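Dear colleague,

I am passing on the structure below, together with notes on what turned up in it. Please read the notes with the coordinates open beside them.

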Amino acid sequence: MRSRLVLARAAGGGQAAWSLIGEAAVRHASSASITTQQLETLPVDRRETETYVESVMAALEEFSAHAARTAAGASWLHVQHVPVRRLVTQLVRKLLALASWEPFAQSPGPLAPAPYEGLVSVRPTSSREYRAYTVTWSGVAYALGAPTPHSPPFSAGLRRITAELISEEQAPEPPAAVLPKASVVALSWSSRHWQTLLPVLRELAAEGRKSVLVDLASDPAERCPSTGAEAVLLHSGPAGMLAQTGSVPSLGLGAEGDAGSGDAGETVTVAVGPHRVRLDRLARLAAAVMESSNGCTQPSWRASVHAELWLNDLLGQVGPHTVLVSNDTSPLGVLAVHSAEARGINTVQVQHGAWTSESVTWPALHSRHIVVMGERDVAPARAWARHPKAEIHVLGQPRFDTLIGVDLKAQRRYLEKLLARTKEPPGQIMVWACQPLSPEQLEAQADLLVTGMAQATDQWGLVIAPHPAQGPEAFAAILRRNPQVAVADGAVGARGCLAAADALVSVYSTCGIEALLVDVPVLELKLPGQRTLGLAEHGLARPCSAAAEVTQALDQLRTTHLAVTRDSVDAVCRWRGNSALDVAQLIVARGRRALSDSDPRHATAIPQGKEEEVVR
């Protein structure tokens, strides 16, 4: 539930001061005031935000990276950079919004917290598992140096969530399985990961090369059901490994942790606009988000440390020449690549989703070999590569290989069956490939699409294809208001029905690329404050930012088709139907080269060492 707090100028002369108080208390006051909800809707410049986030993260790394390291020498801020960066982004946005509010800009001053408001909370999201942390406005006051003697670390809502997780503690870990020797170890914790990597492992298996697919997904819906190849062993992590709680020991959040705040070493600050953020307090806020574990997407610090030890033991047993991932910036991906590099094992990262400056939380890639989908991905890959010998390969997307043999008739029957309950079954069907946005954002997008379809010349029906992280309950309110809308089964998703649609609409789902490859027209929603795939910029999609533009785009489909060229498609995704084979051949060739330099099977300990420098 949103806070009903108001930021108001405190009464009295002298220097301006600002307090967070309840709405009822401000009704009788004459001073300048604004609700925190209104503050959060004030526009902030995206580039300015990114610049400050980069500056704050660099300062925080220098100030606090040494506070804790894994056995392989990876700092807590290196492993947990993505969740920390997201929290810092929330803090920076709020600080810039505050600075843009004219009464505060004219009379800046210290900010007093609201008594008993938690410092860290969560934002609404339609994702089943992901927890969208944020800093509350009292947390903002804390970061700026305000005393918070009555502020708990977490909001009431977040405390309820973590209490439920702690009460569902899992059974003790079983003994480690004895694993066979294999050439490749692949790591997955999302359906998009194993769908991207498994085709590659199957190509390796066809050549007689064994591999192990390590599935660490904590959501059953994201797990790989089977590999379909005898030479590809599916292996799961120990039960409860990612459910452990515990943050960085020296960075507990709370009033008692700030007893030494007068020490000069603890009052180092970093600028965000006109504000000065205390780095000691920011480090505590950052560490707070890794106190309770949220499974594979956001493991606690203790879970991360245990996961690295387990991964290192696994690599020692299997002795691969290559570790294969499709995400090497989230905590588990960072740990896997760091452990592999420490053992001299080759690392390969296969891009599983579209990359844009807006879509990437942390512009960094740590693997030795980076496989990208299209030509447009080469430049960001070069800019983000951290490995000193990074190589970039444009080989397309392995999970798109199966589009060649898709059953269009079966998919069309499925779509028509979903919409059969409507009074007048539509002649045209649009699939909406969703992303796990907030309920408010989803409802706004649905209203725009439904309004646009209603005004179109032809009769259109809409099938919502949930993101793998979403459940059907995310769309309950939309279905109640719109009888011409249906929801596809989560196991089918957009990938299982888009090829038979008359159009596909999305904000930034990579299913937009899949639709493009099978000649399904794409509508790209371009809404304020939200990123897109950028397909319209290549002339591959129709941009829509209002219901009238949706109507216009649908009517244009009756007579006009976009002129799509091979070069424009290759810029987004090189698709020949053999991407999995190409990646497999890359792994074999580079794996042999890695083995000629060192034999990872002989490595038994994790060496300590510096992290790789950025390649520019």
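Does Trp 18 count as buried or exposed, and at what relative accessibility? Trp 18 counts as buried, because its relative accessibility is 1%; here buried means under 20% relative accessible area, exposed means over 50%, and partly exposed lies in between, with a 1.4 Å probe and protein chains only.

Before the details, a word on how the values were obtained. This is a predicted model, in which local features need pLDDT of at least 70 and side-chain atom pairs count only at pLDDT 80 or more, whereas totals for chains, interfaces and linings use all residues. Residues are numbered from 1 along each chain as its sequence is written, and side-chain values use heavy atoms, with hydrogens and water left out.

As to the whole, the protein holds 20 helices and 21 strands, where helices (H or I, at least four residues) and strands (E, at least two) are DSSP runs numbered from the N terminus. Of its 616 residues, 55% count as buried. Among contacts (heavy atoms within 4.5 Å) between residues at least 6 apart in sequence, 72% join residues at least 24 apart.

To return to Trp 18, a search of the whole structure finds 3 aromatic pairs; rings of Phe, Tyr and Trp (its six-membered ring) pair if their centres lie within 6.5 Å, and planes under 30 degrees apart count as stacked, over 60 as edge-to-face and the rest as tilted. One of these is the edge-to-face pair of Trp 18 and Trp 101, with 5.4 Å from centre to centre and 65° between the planes. This pair links distant parts of the chain, since Trp 18 is in strand β2 (residues 18-22) and Trp 101 is in the loop between α5 (81-100) and α6 (102-106), 83 residues apart. Both Trp 18 and Trp 101 are buried. The rings of Trp 18 and Phe 104 have centres 5.7 Å apart and planes at 50°, so that pair is tilted. With Trp 18 in strand β2 and Phe 104 in helix α6, the pair ties together parts that are 86 residues apart in sequence. Phe 104 also counts as buried, at 4% relative accessibility, and ring pairs link Trp 18, Trp 101 and Phe 104 into a cluster.

Two helix pairs follow. The axes of α5 and helix α10 (residues 279-288) come within 9 Å and cross at roughly 125°; axes are lines fitted to C-alpha atoms, for helices over the stretch in contact, and angles run from 0 to 180 degrees between N-to-C directions. That crossing makes α5 oblique to α10, given that angles under 35 degrees count as roughly parallel, over 145 as roughly antiparallel, 65 to 115 as roughly perpendicular and the rest as oblique. In this contact, Val 84, Leu 87, Val 88 and Leu 91 of α5 meet Leu 282, Leu 285 and Ala 286 of α10. The residues of the contact divide into 7 nonpolar, no polar and no charged, with Ala, Val, Leu, Ile, Met, Phe, Trp, Tyr, Cys and Pro counted as nonpolar, Asp, Glu, Lys and Arg as charged, and the others, Gly among them, as polar.

For helix α11 (residues 301-318) and helix α12 (residues 331-342), the axes come within 10 Å and cross at roughly 40°, which makes α11 oblique to α12. On the α11 side, Ser 304, Ala 307, Glu 308, Leu 311 and Leu 315 meet Leu 332, Leu 335, Ala 336, His 338, Ser 339 and Ala 340 in α12. The residues of this contact divide into 7 nonpolar, 3 polar and 1 charged.

Some loop residues complete the notes. Ser 151 is placed in the loop between α7 (137-143) and α8 (156-167) and counts as buried, at 10% relative accessibility. Leaving aside neighbours within four places in sequence, Ser 151 is in contact with Pro 113, Ala 114, Tyr 116, Glu 117 and Leu 119. Tyr 116 itself lies in the loop between β4 (111-112) and β5 (120-123), is exposed with a relative accessible area of 62%, and has a phi near 70°, a positive value in a residue other than glycine. Asp 519, in the loop between α17 (511-517) and β20 (522-525), likewise has a positive phi, near 65°, and counts as exposed at 69% relative accessibility.

With best regards
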